[in-house]
Structures are given as C-alpha cells and as structure tokens.
Amino acid sequence: MEKIPILRMGEFLLVTIQVDMHDRLALALQDDLTNRISQTGARGVLIDISSLEIVDSFIGRMLGNIAAMSRVLDARTVVVGMQPAVAITLVELGMSLAGVRTALNVDAGMELLRSSEDSFEDNRAW
Amino acid sequence: MVVVSSENVPLVSEGDVVTVRRRVREVASQLGFSLVDQTKVVTAASELARNTLIHGKGGEMRLNQLNGPRLGLRLTFEDKGPGIPDISLALRDGFTTGSGLGLGLGGAKRLVNEFEIVSRVGEGTKITVTRWK
C-alpha cells in the first residue's frame with residue numbers, strides 16, 4: 001500500500017501531503033506519525049497541506065487526532081499551507097480545527113515549532 | 001432546465017470516493033465554477049460519497065450537468081442500504097452513528113444550493129444536491 005513519507009529534520013518530523021488521500025491512507029499516516037514521534041522523541045511535527053485541494057470532515061478529524069496524539073507524546077503539531085478556498089469550505093462545513101495550530105507556510109510553521117514551548121501554549125490559547 | 005449530460009460513478013470501495021472527488025472537480029472546473037465553489041461542491045461530494053459507502057453499504061453517484069436558466073451541477077447519491085430513520089436528527093451537526101464527527105450530512109447541505117433527501121428504512125437513501133454557477 002502507498003504511504004505518505006515522514007522526513008526527520010533534527011528534532012522535528014516533516015510531512016508533505018501530496019496525494020488525494022483516501023481514508024485508509026489518512027488513518028495510516030496518523031498511526032505512522034504517532035509511532036515515529038514515540039521512536040524518535042521528536043519535539044514537533046510539521047504537516048504541509050498546500051497541495052491538498054480539499055479537506056473534508058474525515059481529513060479534518062485526522063489532523064485534529066494527530067495534533068492531540070502528538071500533544072500527549074509531548075510534541076507540537078503545526079499544519080501549514082492551507083489553501084484559502086479550503087479554509088473557506090472547511091469553516092462552512094462546520095470545522096474550525098480547534099486544537100490544531102496552523103501557520104501560513106513552512107517557514108512560519110518552523111518558526112513556530114522552534115519558538116519556546118511556553119509561547120506556543122500562549123499562541124494556542126485562543 | 002435541461003440536463004446536458006449524465007454519468008454514473010459506482011461507490012463500492014474507498015478508492016471510489018477519490019474518483020468521485022476527481023470527477024466532480026473536473027466537471028465543476030469545465031463549467032467555469034470559481035475555485036471556492038469547486039472546492040465546496042467537491043467537499044460536499046466527498047462527504048456524501050463516504051456516507052453512501054459506509055452507511056449505505058455502497059451505491060452510486062449520478063452526475064448531471066445542467067443548463068437553463070443557469071449552469072449547474074447536480075449530484076445524486078443513491079444506495080440500497082438500511083435507510084435513515086430520523087432525517088432531521090441525521091442532519092444535525094454532531095449526530096453520528098459512525099466514527100466521524102457527524103458533520104457529513106449537515107455540512108454537505110451547507111456547501112450546496114439545493115439539498116434533497118429521500119430515505120426509507122430498509123430500502124435505501126437518495127440524496128440530491130445542486131450547486132449553481
């Protein structure tokens with residue numbers, strides 16, 4: 001079965017989702033990422049979704065699950081690069097991705113991951 | 001109202017949900033939908049296709065291109081599954097019998113211009129949505 005590659009960069013894990021994901025692939029990514037965080041002791045996860053043309057409730061839930069699981073494993077998750085049309089649709093669908101930290105692009109996301117944990121928590125408390 | 005074209009996409013496996021998304025995107029783009037409108041109708045199709053597959057135990061989507069008075073896209077999802085006993089409950093956000101968030105049906109309704117649902121317990125469900133250009 002095809003898999004979404006997870007890259008390691010220092011203490012962070014990087015994922016770029018470039019395929020139109022079917023549901024099982026999304027679930028596999030969730031499991032793989034959780035395992036990799038635990039194995040590597042990664043402090044942060046950056047998920048680039050700039051190639052995703054839609055985020056429906058299933059993919060939205062996957063992003064929320066990844067953020068929650070990584071938090072439990074003491075890692076932070078930042079989702080970056082959401083297309084504007086996807087953001088508009090997601091909110092109309094009824095999902096606000098509560099609990100998922102986002103940034104406009106990879107640079108901003110990395111910055112966020114590198115910033116101290118305290119300020120990250122502050123940022124999240126909106 | 002004139003139906004310009006009609007085609008069917010089977011919904012029997014998870015990969016078919018991806019096919020539905022791709023095909024709806026292609027047609028919406030050909031019809032000249034804006035990027036936001038394309039995204040909305042593709043997302044609605046994805047939710048409804050998953051419902052047909054999981055709750056309806058499989059079925060199919062019919063895709064009609066409409067013309068007159070306006071250009072539009074009509075999608076009909078039909079299954080012969082167990083049916084929905086309480087439609088107003090099923091449309092409510094947060095209601096789910098599966099493992100999802102319960103946003104599928106109500107969310108899809110918000111993403112289209114017209115939404116019609118016919119369901120009979122033990123016979124199946126037919127959901128028709130239309131997005132006008």
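The following is a short conversation about how some descriptions of this predicted model are reached.

User: Before we start, what are the ground rules for this model?
Analyst: It is a predicted model, where local features need pLDDT of at least 70, side-chain atom pairs count only at pLDDT 80 or more, and totals for chains, interfaces and linings use all residues. Residues are numbered from 1 along each chain as its sequence is written, while chains are lettered from A and ligands numbered from 1 in the order in which they are written.

User: What makes B:Thr19 partly exposed?
Analyst: A residue is buried if 20 or more other C-beta atoms, placed from the backbone, lie within 10 Å of its own, exposed if 12 or fewer, and partly exposed in between. B:Thr19 has 17 other C-beta atoms within 10 Å, so partly exposed is the right label. This residue sits in helix α1 (residues 14-30) of chain B; helices are DSSP runs of H or I with at least four residues, strands are runs of E with at least two, and both are numbered from the N terminus.

User: Why is strand β1 (residues 2-11) of chain B said to lie largely in the open?
Analyst: The number of buried residues among its ten is one, so the strand lies largely in the open.

User: How do you know that β1(B) pairs with strand β2 (residues 59-67) of chain B?
Analyst: Two strands pair if DSSP finds at least two bridges between them. Here nine bridges join the two, which run antiparallel, and B:Val9 has B:Met61 as its bridge partner in β2(B).

User: Why is chain A called as compact as a globular protein of its length?
Analyst: The radius of gyration is taken over C-alpha atoms, and the globule rule is 2.2 Å times the number of residues to the power 0.38. For 126 residues the rule gives 14 Å, and chain A has 13 Å, which is close, so the description holds. Chain A has five helices and five strands.

User: What makes β1 (6-9) and β5 (101-103) of chain A edge strands?
Analyst: The five strands form an open sheet in the order β1-β2-β3-β4-β5 (chain A), with mixed pairing. β1 and β5 of chain A each have a single partner strand, so one side of each is left without a neighbour in the sheet.

User: How do you know that strand β2 (residues 12-16) and strand β3 (residues 44-48) of chain A are joined?
Analyst: Five bridges link these strands, which run parallel, and A:Phe12 stands opposite A:Gly44 in β3(A).
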